[in-house]
Amino acid sequence: MKYVLVTGGVVSGLGKGVTASSIGLLLKACRLRVTSIKIDPYLNTDAGTMSPFEHGEVFVLDDGGEVDLDLGNYERFLDIKLTRDNNITTGKIYQSVIDKERRGDYLGKTVQVVPHITDAIQEWIERVAKIPVDGQEGPADVCVIELGGTIGDIESMPFIEALGQFSYRVGSGNFCLIHVSLVPVLNVVGEQKTKPTQHSVRGLRGLGLTPNILACRSTKALDENVKRKLAQFCHIPEENIVTLYDVPNIWHVPLLLKDQKAHEAILKGLNLLGVARKPELKEWTARTKIFDTLHDPVRIAMVGKYTGLSDSYLSVLKALLHASVACHRKLIVEWIAASDLEDSTAKEAPDVYKAAWDLLKGVDGVLVPGGFGDRGVQGKILAAKYAREKKVPFLGICLGMQIAVIEFARSVLGLHDANSTEFDPETTNPCVIFMPEGSKTHMGGTMRLGSRRTYFNVTDCISAKLYGNVSFVDERHRHRYEVNPNMISKLENVGLSFVGRDETGQRMEIVELPSHPYFVGVQFHPEFKSRPGKPSALFLGLIAAACGRLETVLHDNGHVRKPLTSAMSNGHSMMEIHQNGGAIKSSNGSVNGVYSNDMHSILPQFKTWSTTRASCIANARAHFVCKMGRFPSIIWKHSQYIVPCFLF
């Protein structure tokens with residue numbers, strides 16, 4: 001087994017996750033099998049109990065693991081299925097060591113950070129690296145490990161020590177360290193400054209780790225004299241220093257690394273030059289070019305609770321992006337805080353209320369994502385009602401499905417107090433109830449989690465057609481509440497159709513409104529299995545309906561028939577939706593070519609960055625690019641703002 005470790009220095013949020021994902025993709029393009037591990041130094045056992053405002057979205061795996069959002073990047077880039085053990089936390093390590101101590105495994109010895117914690121870390125890495133994640137038998141060829149945080153953080157010290165020991169144990173030909181660092185350009189002098197990176201590398205080496213490759217984040221490619229200086233002071237060959245400079249979207253990053261021959265440096269360090277092949281990224285390149293040239297917009301309203309931090313909905317944004325690229329549309333996300341649509345806001349802040357409704361009335365489609373708690377629920381219900389009555393394409397996910405059912409019960413059945421027992425335990429018409437197997441005393445890991453099977457009990461429906469007319473689908477779940485099965489007959493008698501259910505037939509999974517062009521709610525989270533080039537079926541349906549192409553997609557059983565690019569070999573490549581079943585961090589930046597209305601919420605973090613006046617003038621009228629991940633892209637909206645470009 002070969003190991004590639006990705007660390008970060010100087011500041012957080014440099015893009016280690018995207019860098020690690022891109023390295024994995026590049027190695028996979030060289031015909032190597034790749035797996036990934038993310039190390040998070042926090043004491044939480046997993047990310048399940050963290051607020052989205054604290055750490056971004058919680059990504060859910062097939063096995064029910066609630067993990068860091070970077071594992072979502074790994075899965076999307078590499079098209080693999082990871083396990084909960086691929087996310088290592090300090091909490092997991094300490095818990096495993098304490099459990100061993102309680103069992104007496106240490107035979108009375110004093111249990112210490114070194115060697116017991118460090119040994120546990122190394123054993124965990126070796127064990128998990130051997131788990132196949134690509135559907136094939138046997139271990140992968142290379143394991144890419146990302147160490148979260150920044151070099152010098154107190155909480156990551158045990159991991160640094162363990163990885164130093166690990167690199168010595170496996171040998172230099174089996175271990176390659178890539179250090180991601182910042183080379184800032186000060187506005188006053190306009191010169192690329194190497195000192196922060198020099199200090200970062202010095203600190204890393206002082207902790208027992210020597211980088212083989214230096215990946216430098218900067219606004220533009222490093223000057224040759226800057227590379228020479230870094231090579232001299234960091235003791236790294238000049239050809240092993242690559243620049244991660246500003247690109248239009250994160251799909252360019254693997255191509256950027258390939259163009260700078262980063263794969264050759266990695267393969268050389270791992271003694272794999274004679275085994276690996278030349279990287280093949282034609283399809284990825286073609287898709288990236290399409291992404292850059294999209295111009296016909298599709299506007300989707302994201303009506304949620306955590307709109308102040310778009311990382312809270314990272315996978316939803318990615319799934320929307322995959323679908324919009326497949327439909328050859330430029331995605332414009334209109335962020336709407338659900339509470340801004342409520343009557344209380346109309347009284348307290350009428351301008352905010354009017355602006356929110358103006359945005360909602362100007363979109364091509366409405367999406368209500370999952371969430372917890374009662375804040376903004378009434379606004380989500382109003383958004384679902386607007387979409388239902390005005391025939392605007394609608395997709396509700398998890399809580400979004402539940403509020404669609406509540407709204408229908410109130411408006412159509414006339415049950416004005418219809419509600420979820422999550423929000424009103426005393427309601428006389430509980431449309432949504434707590435699941436019998438759930439726990440009300442323990443929060444972590446007690447929800448209905450992971451991949452579950454949904455059977456189509458109505459085959460002639462939009463959802464089944466989008467999935468390719470399969471009899472069932474396997475999608476990932478994360479919820480404590482469900483639609484009350486005792487209400488189903490009443491709701492279906494007045495037009496609502498529960499077309500997908502679990503194996504018992506008692507748990508509602510997919511709901512549709514047959515009289516509506518596209519009104520779909522799902523209890524599961526289809527965004528977690530969406531991939532570039534293989535968009536989620538239901539997201540594809542939403543985008544297709546929003547841009548008037550749903551009938552074409554349904555006619556082709558969920559396929560979008562349009563060439564990727566004339567550069568493709570046959571010119572007739574097809575983007576397919578993600579199918580399964582019977583057939584086949586946080587910051588408030590902007591990125592990835594997803595446009596948005598949310599300008600003011602992210603301006604403060606750009607205070608220390610600058611750009612040239614010529615660039616300002618050239619881009620002043622371009623659209624503002626909203627965050628689609630955790631890394632900003634080229635962003636502009638109003639000429640009075642000077643907002644710089646970022647790589648990711």
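This briefing covers strands, helices and aromatic rings in the structure above. The model is predicted. Strand 10 pairs with strand 11 and with strand 12. Another three strands form an open sheet. The structure also holds 14 aromatic pairs.

**Strand 10 and its partners**

- Strand 10 spans residues 297–304, and six of its eight residues are buried, so the rest of the structure largely encloses it.
- Strand 11 covers residues 330–337 and runs parallel to strand 10, with eight bridges joining the two.
- One of the residues to look for is Arg299, whose bridge partner in strand 11 is Ile332.
- Helix 12, residues 314–326, forms a right-handed β-α-β unit with strand 10 and strand 11.
- Strand 12, residues 365–368, also runs parallel to strand 10, and three bridges join them.
- Ala301 has Val366 as its bridge partner in strand 12.

**The open sheet**

- The strand order is 14-15-18, and the pairing is mixed.
- Strand 14 (419–420) and strand 18 (481–483) stand at the edges with a single partner strand each, so each has one side without a neighbour in the sheet.
- Strand 15, residues 430–434, runs antiparallel to strand 18, and three bridges join the two.
- Val432 has Val483 as its bridge partner in strand 18.
- Helix 16, residues 399–411, lies across strand 14, strand 15 and strand 18. It runs at about 150° to strand 15.

**A buried helix**

- Is helix 19 buried or exposed? In helix 19, residues 537–546, 10 of the 10 residues are buried, so the helix is largely enclosed by the rest of the structure.
- The buried residues include Leu538, Phe539, Leu540, Gly541 and Ile543.
- Gly548 follows helix 19, and its phi is positive, near 75°.

**Aromatic rings**

- The structure holds 14 aromatic pairs. In one of them, the ring centres of Tyr3 and Phe166 are 4.7 Å apart and the planes are at 80°; planes over 60 degrees apart count as edge-to-face, so this pair is edge-to-face.
- This pair links distant parts of the chain, with the two residues 163 residues apart. Tyr3 is in strand 1 (residues 2–8), while Phe166 is in helix 6 (residues 157–170).
- Tyr3 has a relative accessible area of 3%, and buried means under 20%, so Tyr3 is buried.
- Phe166 is at 0% relative accessibility and so also counts as buried.
- Phe77, Trp251, Trp284 and Phe291 are linked into a cluster by ring pairs.
- Over the ring of Trp124 sits the charged end of Arg127, 4.9 Å from the ring's centre.

Key:
Residues numbered from 1 in each chain as written. Predicted model: local features only at pLDDT ≥ 70, side-chain atom pairs only at ≥ 80, totals over all residues. Heavy atoms only, no water. Buried < 20%, exposed > 50% of the residue type's maximum accessible area, 1.4 Å probe, protein only. Helix = DSSP H or I, 4+ residues; strand = E, 2+ residues; numbered from the N terminus. Pairing = 2+ DSSP bridges. Right-handed = clockwise from strand over helix to strand, strands pointing away. Contact = heavy atoms within 4.5 Å. Axes fitted to C-alpha atoms, helices over the stretch in contact; angles between N-to-C directions. Phe/Tyr/Trp six-rings, centres within 6.5 Å; stacked < 30°, edge-to-face > 60°. Lys NZ or Arg CZ within 6 Å of the ring centre and 35° of its normal.
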